[in-house]
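I opened this notebook to record what I looked up in one protein model with a bound ligand, taking the topics one at a time. The entries follow the order in which I went through them.

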Amino acid sequence: FSEMAQFEEVSQKSKLHPKPEGLTLQYGTAGFRTHAKHLDHIMFRMGLLATLRSKKTKSTIGVMVTASHNPEEDNGVKLIDPMGEMVTAMWEGYATQLANAEQDSLLKELKDIIEKEDIDMSQTASVYVGKDTRPSSASLSQAVLDGVSSLGGKTHDYGLVTTPQLHYMVCCCNTHGCYGSPTVEGYYQKLSQAFLQLTQNASNRTDDQKRLLVDGANGIGALKMREMEPFLRSELQLVLSNDGSSGKLNHMCGADYVKVQQKAPQGMNIAVGERCCSFDGDADRIVYYYTDSKGCFHLLDGDKIATLISTYLKELLTQAGLNLQIAVVQTAYANGSSTRYLEDVMKVAVCCTKTGVKHLHHAAQEYDIGVYFEANGHGTVLFSKAAQKQIQELVKDSDTNDERKRAVKLLESTINLINQTVGDAISDMLVIEAVLAIRGMSVQDWDAIYTDLPNRQLKVTVSDRRVIDTTDAERRAVTPEGLQDAIDSLVKKYKSARSFVRPSGTEDVVRVYAEADTQENADSLAHEVSLAVYRLAGGVGDEPKSF
Ligand code: G16
């Protein structure tokens, strides 16, 4: 294909995926997200962009078709860079540019990106594509494949996979197998081997201790857990509900529902004290929970996960005699108690970024060991190359005494169990289960590490959420005028209180977060702040109600 013929092909094929005139969409917190009916042209164009990115980086790029926690009618697309991380901010900008080009200027915008990035169009391109279980995902992922092939790129269609599995495949491919083998089976083998090695270090556990109730959000995570189960050789006894056989994706179930509603999902039979967890729609988030004898619901969210994992890693580093710096990266949603515990008791560095895994991931890369988790359960742990090297060398060092050797081997297996490319519900779940087993902890012991401040999250619908601009890692609103002053004076009315608002990057709403000394106060503060947003930021529909 000559370059001209290639552009002609794009021009012809793009007519099969026309852009509705006037529709504009932004690459948000995690790619494009909206009702599936608006996305066909976006998918085709993201196929084009992924092909350019692949030519530019001379690497395989990933495209995942999913809207993760959003309702089943929505869909979306995320681009995955060569090491399995989210695409860079610069290319997010190109994505928006390409997505919003009217049909007759698509080629012009495409050529503009090629020129700006100085892309050699004779370079080969390779794109991995995956999709979640939404009814719209099949045709939308076909549109991505069409986009790639119209620019002459090679595709590998992984079909139904979790988002983190696709990130993993991309990383495996571009590291030529160093990270693992780029197959779903390779993923199961790598993780399960590490998990089994870790649980060998646990004292004998009863079947009850091995039992874990999993809410699959009626999504892809449930399917993949079923596939993986035999690899775990009964070291984990999964009881899977919301497996997609009847209910609707993310409806009254899944990690987002459980976190925001602070209650157990429907469709799960939970006995008192039983350890449970929920995945989200594409299995990149996880939260844990249990119900106590008084019927009280206890949530162990991303903050509690970060605390459990960083405590465990810190202890192993001490035992191994390794001087590596651990830091925890959080967002404004992190519960105030978790930040205080990490800084004051654990004495680890804590840093706060904007919402979105891409921001946390970059911040975590600055440390020897960067543990990052959003409160909503999206996160992982990054080990720097230098840290991994030190750990590997110590494993080989035959002089190392027994306690050190055990600790360093545990660190090595933990690294293998963690999906370092992105937050991964399956990998995180196995890490948590292994840590609890090794430390002989119950979910109640874990919960007791610190007590969350009561909190509440609400949504407010406004006519244009972009009127809200924020600063200080989204903790303060700069516009509209008067909003931050209003929030400040509301917060002053309550004890141990904090509140912030920010426009969502995945849904057409403004998010409101509040915490305070009691649940009543957190609820009331969240409601008052919602009313301030409604009045000052152009609320639409009925006034927000309290929770
Ligand atoms: C996505 C992002 C997360 C983010 C969440 C909510 O999650 O990957 O980092 O916390 O959206 O974002 P927002 O508040 O901007 O709507 P997921 O699981 O839906 O991909």
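**Entries on a predicted model**

I note at the outset that this is a predicted model, and that I treat every value below as computed from it.

**Strand S2**

I began with strand S2, residues 60–65, and asked how many of its residues are buried. Six of the six are, so I describe the strand as largely enclosed by the rest of the structure. I then checked which way the residues point: Thr60, Gly62 and Met64 face one way from S2, whereas Ile61, Val63 and Val65 face the other way, and all of them are buried.

Next I looked up the strands that pair with S2. With strand S4, residues 126–131, S2 forms six bridges in the parallel sense, and within that pairing I found Val63 opposite Val129. With strand S3, residues 74–80, S2 runs antiparallel and shares four bridges; here the partner of Gly62 is Ile80. For my own reference, strands of a sheet pair through backbone hydrogen bonds, in either a parallel or an antiparallel arrangement.

**The ligand site**

I then turned to the ligand and asked which residues are closest to it. I counted 20 residues around the ligand, the closest being Thr29, His69, Glu374, Ser504 and Thr506. By class, this shell holds two nonpolar, ten polar and eight charged residues.

For polar contacts I listed three, each to an oxygen atom of the ligand. A polar side-chain atom of Lys78 lies 3.1 Å from such an oxygen, a polar backbone atom of Val357 is 3.2 Å from one, and a polar backbone atom of Gly505 is 2.7 Å from one. I also noted that the protein covers 97% of the 460 Å² of accessible area that the ligand has on its own.

**The sheet with S11 to S14**

I looked up an open sheet of four strands, whose order is S12-S11-S13-S14 and whose pairing is mixed. Its edge strands are S12 (349–353) and S14 (379–383), each of which pairs on one side only. Neighbouring strands of this sheet are turned against each other by 20° on average, with direction ignored. Strand S11, residues 326–331, runs parallel to S12 and is joined to S12 by five bridges, with Val328 partnered by Val350 in S12.

**Backbone geometry**

I went on to the backbone, keeping in mind that most residues other than glycine have a negative phi and that most peptide bonds are trans. Thr479 and Pro480 are joined by a cis peptide bond with omega at about -5°, and I placed Pro480 in the loop between strand S17 (476–479) and helix H18 (483–492).

Arg233 has a positive phi, near 45°, and sits in the loop between helix H9 (220–228) and strand S7 (237–241). With a relative accessible area of 62%, Arg233 counts as exposed, because the cut-off for that class is over 50%. Met252 likewise has a positive phi, near 55°, and lies in the loop between S7 and helix H10 (255–261); its relative accessible area of 30% makes Met252 partly exposed.

**A last look at Glu3**

Finally I located Glu3 in helix H1, residues 3–14, and asked whether Glu3 is buried or partly exposed. At 44% relative accessibility, Glu3 counts as partly exposed. From Glu3 to His167 I recorded a separation of 164 residues in sequence and 30 Å in space, C-alpha to C-alpha.

Definitions and conventions
Residues numbered from 1 in each chain as written. Predicted model: local features only at pLDDT ≥ 70, side-chain atom pairs only at ≥ 80, totals over all residues. Heavy atoms only, no water. Buried < 20%, exposed > 50% of the residue type's maximum accessible area, 1.4 Å probe, protein only. Helix = DSSP H or I, 4+ residues; strand = E, 2+ residues; numbered from the N terminus. Pairing = 2+ DSSP bridges. Near = heavy atom within 4 Å. Polar contact = N/O pair within 3.5 Å; in protein donor to acceptor, adjacent residues only side chain to side chain. Areas by Shrake-Rupley, 256 points an atom, 1.4 Å probe, with all protein chains shown as cover. Nonpolar A, V, L, I, M, F, W, Y, C, P; charged D, E, K, R; others polar. Axes fitted to C-alpha atoms, helices over the stretch in contact; angles between N-to-C directions.
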